[in-house]
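Here is a note for the bench on the model shown below. The points can be read in order, with the structure open alongside.

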Amino acid sequence: MHDIRAIRENPAAFVAGWAARSGSTAEARAAAEETVAKVLELDAQLRQATSDLQADQTARNALSKQIGQAKGRKDEAEAQRLLAEVENLKGGEDAARHNAQMADLDLRHLLASLPNIPDAQVPAGEDETGNVEQRRHGDPVRLNNARDHVDLGAALGGMDFEAAARMSGSRFVVIKGQLARLERALGQFMIDVQTTENGYTEISPPLLVRDEAVFGTGQLPKFEEDLFHTTDGRWLIPTAEVSLTNIVREQILAEEELPLRMTALTPSFRSEAGASGRDTRGMIRQHQFYKVELVSITAPEQSEDEHQRMVGCAEGILKKLGLSFRTMLLCTGDMGFTARKTYDLEVWLPSQNTYREISSCSNCGDFQARRMDARTKKAGEKGTRFVHTLNGSGLAVGRTLVAVMENYQDENGRIAIPDVLQPYMGGLKHIEAA
């Protein structure tokens, strides 16, 4: 959500920011200019309607005072004349109130549909080809005839996509035996590292939330089709970011207590409405998956440093697992709706001979806080400010399972278990077919 005063005072900055999200082409700039013009038009309509309403109310109050004076001097004819004027004013007042309400509603709906403005450090670009690599870690595993996780899982008797399809349809999987234990071990390992080493507080949040929660983190209204909706009007969370961030909705936090760092290991549910035909094989893009989410709530001055810290916390999991990855700074055209700056971590998958996203860490600035009315206040000061919110995966458990299986496979299809996971696996060092 955006501050209308900021748009009013510096419309050129919003034209440039929204145009940048579409590659800063002439068409993108024209569309951004049209959007800003519409915002300012609705803003002017709202202010005019509000002014008209206030003027009518002021005039009615003045007439009411005159009516009292007329009755005080027993001038009933004048009192009746003034009462007729008041009745005439009420019609105009009702119309002005309606106009103000409609303009306010239209303006709110438009502002709610508009994405965040990219940070000045974000590189320009239309799509993922404009992302900029920041660093790499580890040497990619090169294997002759590398098997993907689907074939490996089937050979081990630990993955059954057909059974899942019979009960749930596509983009689901049944994981069994030691692979199920490995998936559970990964989640437990990740949440333990984030809580005991990185200072995040573990939360067990609701998986079902109301409209205002998904509006607050920016999934509604624009991305309704990407969510699962229940019959009683709730939404299954697409990420624990929704639940964790909304813990501070409509709150005023003491600035001295910031940053707040929260984490959760939860299922996530996504319809993948915009991913038709993409990654239909295997576990890369599922309707249901586990993820360890990281959320930070900070004062405005803290958020950039906190962003770098969060990225490091996500990178640390991959390092401990011995997986090769690269860190990418996303360009203006590839960032999510709520983000002003995003880093993606991409892990190496031998079967695809490329890096694939396994974590996305975003600084949203005050964009979500405005939608949630989440503020902070310094001790001894009267004013409040909107907090900054950040979120990231630390990590997506299913994709990490894929990466471990593919990078730790041998020529016989066994999966070596990374050292850090062996305590969670009862000391087991390999997974192999029974």
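**Notes on the predicted model**

1. **Helix α7 on the sheet.** Helix α7 (residues 177-196) packs across four strands: β4, β9 (260-269), β10 and β16. Its direction makes an angle of about 165 degrees with β9. Keep in mind that this is a predicted model. From first C-alpha to last, the 20 residues of α7 reach 28 Å. That is close to the 28 Å expected at 1.5 Å a residue. Which residues of α7 are buried? They are L179, L182, E183, A185, L186, G187, F189, M190, I191, V193 and Q194. Note that E183 and Q194 are on that list.

2. **The sheet of eight strands.** The strands under α7 can be placed in a wider sheet. This sheet is open and has eight strands, in the order β1-β11-β12-β13-β16-β10-β9-β4. The pairing is mixed. Which strands stand at the edges? They are β1 (132-137) and β4 (201-202). Each has a single partner strand, so one side of each is left without a neighbour in the sheet.

3. **Strand β16 and its two partners.** In the sheet order, β16 sits between β13 and β10. Strand β10 (residues 288-298) runs antiparallel to β16 (residues 388-396), and seven bridges join the two. On the other side, β13 (residues 354-363) also pairs with β16 in the antiparallel sense, over three bridges. G392 is a useful residue to find in the viewer. L294 has G392 as its bridge partner in β16. C361 stands opposite G392 as well. How many of the nine residues of β16 are buried? Nine of the nine are, so β16 is largely enclosed by the rest of the structure.

4. **The sheet of three strands.** A second open sheet has three strands, ordered β8-β14-β15, again with mixed pairing. Its edge strands are β8 (252-254) and β15 (385-386), each of which pairs on one side only. β14 and β15 are antiparallel and share two bridges. One bridge partner to look for is R385 in β15, which pairs with T376.

5. **R375.** This arginine belongs to strand β14 (residues 375-377). Is R375 buried or partly exposed? It counts as partly exposed, because its relative accessibility is 25% and the buried class ends at 20%. Leaving aside neighbours within four places in sequence, R375 is in contact with Q251, I252, L253, T384, R385, F386 and V387. One of these contacts involves a ring: R375 lies over the face of F386, at 4.3 Å from the ring centre. R29 is another matter. The C-alpha atoms of R375 and R29 are separated by 33 Å, with their positions 346 residues apart along the chain.

6. **A second arginine over a ring.** R371 is placed with its charged end over the ring of F215. The distance to the ring centre is 4.1 Å.

7. **F14 and W18.** The structure holds five aromatic pairs. One of them joins F14 and W18. The rings are tilted, at 5.4 Å centre to centre and 55 degrees between the planes. Why are these two about one helical turn apart? Because F14 and W18 are four residues apart in helix α2 (residues 11-20). An α-helix has 3.6 residues a turn, so residues three or four places apart point the same way. F14 is buried at 10% relative accessible area. W18 is buried too, at 8%.

8. **F223 and F337.** This aromatic pair is edge-to-face, at 5.5 Å centre to centre and 80 degrees between the planes. The pair links distant parts of the chain, 114 residues apart. F223 is in the loop between α8 (211-216) and β6 (228-229). F337 is in the loop between β11 (325-329) and β12 (341-349). F223 counts as partly exposed, at 27% relative accessibility. F337 counts as buried, at 9%. Together with F367, these two residues form one aromatic cluster.

Terms used. Residues are numbered from 1 along each chain as its sequence is written. This is a predicted model: local features need pLDDT of at least 70, side-chain atom pairs count only at pLDDT 80 or more; totals for chains, interfaces and linings use all residues. Side-chain values use heavy atoms; hydrogens and water are left out. Rings of Phe, Tyr and Trp (its six-membered ring) pair if their centres lie within 6.5 Å; planes under 30 degrees apart count as stacked, over 60 as edge-to-face and the rest as tilted. Buried means under 20% relative accessible area, exposed over 50%, partly exposed in between (1.4 Å probe, protein chains only). A charge sits over a ring if NZ of Lys or CZ of Arg is within 6 Å of the ring centre and within 35 degrees of the ring normal. Two strands pair if DSSP finds at least two bridges between them. Contact means heavy atoms within 4.5 Å. Axes are lines fitted to C-alpha atoms, for helices over the stretch in contact, and angles run from 0 to 180 degrees between N-to-C directions. The expected span of a helix is 1.5 Å times one less than its number of residues.
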